[in-house]
Amino acid sequence: MALGRLKVRRINVDGELPPGVYAKDVILHIIRLLGVNGGTGYAYEYGGEVFDRFTMEERMTVCNMSIEGGARAGYVNPDETTFEYLKGRPYSPKEHQWDEAVARWRSYASDPDCAYDDVVSIRAADIPPTVTWGINPGQAISIDDRVPTVEGSPEDEKALVDEALAYMKLEPGSAIKGTPVNVAFVGSCTNGRLSDFVETARYIKGRQVAAGVKAIAVPGSQGVAAICHEMGIDAVFREAGFDWREAGCSMCLAMNPDKLVGDQLCASSSNRNFKGRQGSPTGRTILMSPVMVAAAAINGEISDAREVFGVSEPVEA
């Protein structure tokens, strides 16, 4: 790599995602495969059939967490989905300037015959509902997997696995499913978008948060909050037992009073699970999709949303 030159890695995800697998699972799976330092020196260009079908909000969730995989940037080439999303928005170009802007944006897309520094291909069918178990986003497993053991880990990872197991207070080799939770958080810049709340509300309606679980829902922006109110989504969350908060960062980085206490364990749709990230130096964070957070809140433990809710195809906002 020449000094100052940023390499580009193309990550293709092709095929059909299984029901109950969301954009958050896609990026957690990618970081699990490539590592939290795997993107160092790279920009990640996401493509393939899954990204072609993804909404802009789904694309944003993945691109948002590229930095958690060590990449300098993450992007999806601009296309009709991009233009449709931007058209008519308050700060988008208007009238004749719109066509000029679209032509310019199209020119930013990679040429069909361009050469990448690296290409990674992933089968969508191989991506499961994914949760973290450790102290960085790369320490992730399928909801059906067991927590790693130090002995079964690669030599260069043993020390970090040992550290993570001790901090997270998890039994090596135990199932991650069934781990009790104290707090459930739906929100953050990664998963606090309108579609996240629409999809989650679809499953929690008529259900109740488990006794002893503190559940919080926080829109990622005032615009999202306003639309959720208009649609009655905030009422669905409140009726299910969630605290519906004002828009902001909240539990993602322990903003204001939204903090873990002691060694509380939080099922979180945020983007980072570092030590102390949610306000307590001993607080524990397990990352997952918003619907999986809802399943944990309802069951009072880390759960498979497919089993709790009978999750089917996602709905668009």
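These legends go with a set of close-up views of one predicted model.

Residues are numbered from 1 along each chain as its sequence is written. Since we're looking at a prediction, local features need pLDDT of at least 70 and side-chain atom pairs count only at pLDDT 80 or more, while totals for chains, interfaces and linings use all residues; side-chain values use heavy atoms, with hydrogens and water left out.

**View 1. An open sheet of 5 strands runs in the order E9-E8-E7-E10-E11, with parallel pairing.** E9 and E11 (284–287) sit at the edges with a single partner strand each, so one side of each has no neighbour in the sheet. Strands (E, at least two residues) and helices (H or I, at least four) are DSSP runs, numbered from the N terminus, and two strands pair if DSSP finds at least two bridges between them. As a general reminder for picking out side chains, those in a regular strand alternate between the two faces of the sheet.

**View 2. Here are the bridges that hold E7, E8 and E9 in register.** E7 (residues 183–186) and E8 (residues 214–217) are parallel and share 4 bridges. On the other side of the pairing list, E8 and E9 (residues 243–244), also parallel, are joined by 2 bridges. Ala217 is a handy residue to click on: it stands opposite Val186 and also opposite Trp244 in E9.

**View 3. E10 and E11 pair in the parallel sense.** The link between E10 (residues 265–268) and E11 consists of 4 bridges. To find one of them, start at Leu265, whose bridge partner in E11 is Arg284.

**View 4. Which residues of the largest nonpolar core touch the most other members?** They are Ile176, Phe242 and Phe309, out of 54 residues in that core. Helix H11 (residues 290–299) supplies the largest share, 8 residues. A nonpolar core here is a set of buried Ala, Val, Leu, Ile, Met, Phe, Trp, Tyr and Cys residues joined through side-chain atoms within 4.5 Å. Buried means under 20% relative accessible area, exposed over 50%, and partly exposed in between (1.4 Å probe, protein chains only). Zoom in on Phe309 and, leaving aside residues up to four places away in sequence, you'll find Tyr203, Arg207, Val291, Ala294, Ala295 and Ile298 in contact with it; contact is heavy atoms within 4.5 Å. A second, separate core has 26 residues, including Ile11, Leu17, Ile31 and Phe51.

**View 5. Helix H8 (residues 194–204) is mostly covered.** Of its 11 residues, 10 are buried. Among them are Asp196 and Glu199, along with Phe197, Val198 and Tyr203. Just after H8, Gly206 has a positive phi of about 85 degrees.

**View 6. The whole structure has 10 aromatic pairs, and two of them are shown here.** Phe51 and Phe54 meet edge-to-face, 5.3 Å centre to centre with 80 degrees between the planes. Both Phe51 and Phe54 are buried. The Phe83 and Trp105 pair counts as stacked because the planes are at 20 degrees, with the ring centres 6.3 Å apart. Phe83 is in helix H4 and Trp105 in helix H5 (residues 96–107), 22 residues apart along the chain, and both are buried. Rings of Phe, Tyr and Trp (its six-membered ring) pair if their centres lie within 6.5 Å; planes under 30 degrees apart are stacked, over 60 edge-to-face, and the rest tilted. Ring pairs also tie Tyr44, Tyr46, Phe51 and Phe54 into a cluster.

**View 7. Two arginines sit over tyrosine rings.** The charged end of Arg9 is 4.0 Å from the ring centre of Tyr42. Arg89 lies over the face of Tyr85, 3.8 Å from the ring centre. The test is NZ of Lys or CZ of Arg within 6 Å of the ring centre and within 35 degrees of the ring normal.

**View 8. How many disulfides does the structure hold?** The count is 0, with a disulfide being a pair of cysteine sulfur atoms within 2.5 Å. For Cys189 the closest cysteine sulfur is in Cys252, and at 5.8 Å that's too far for a bond. Cys266 also has Cys252 as its closest, at 10 Å, again too far for a bond. Cys189 is partly exposed at 46% relative accessible area, whereas Cys266 is buried at 0%.
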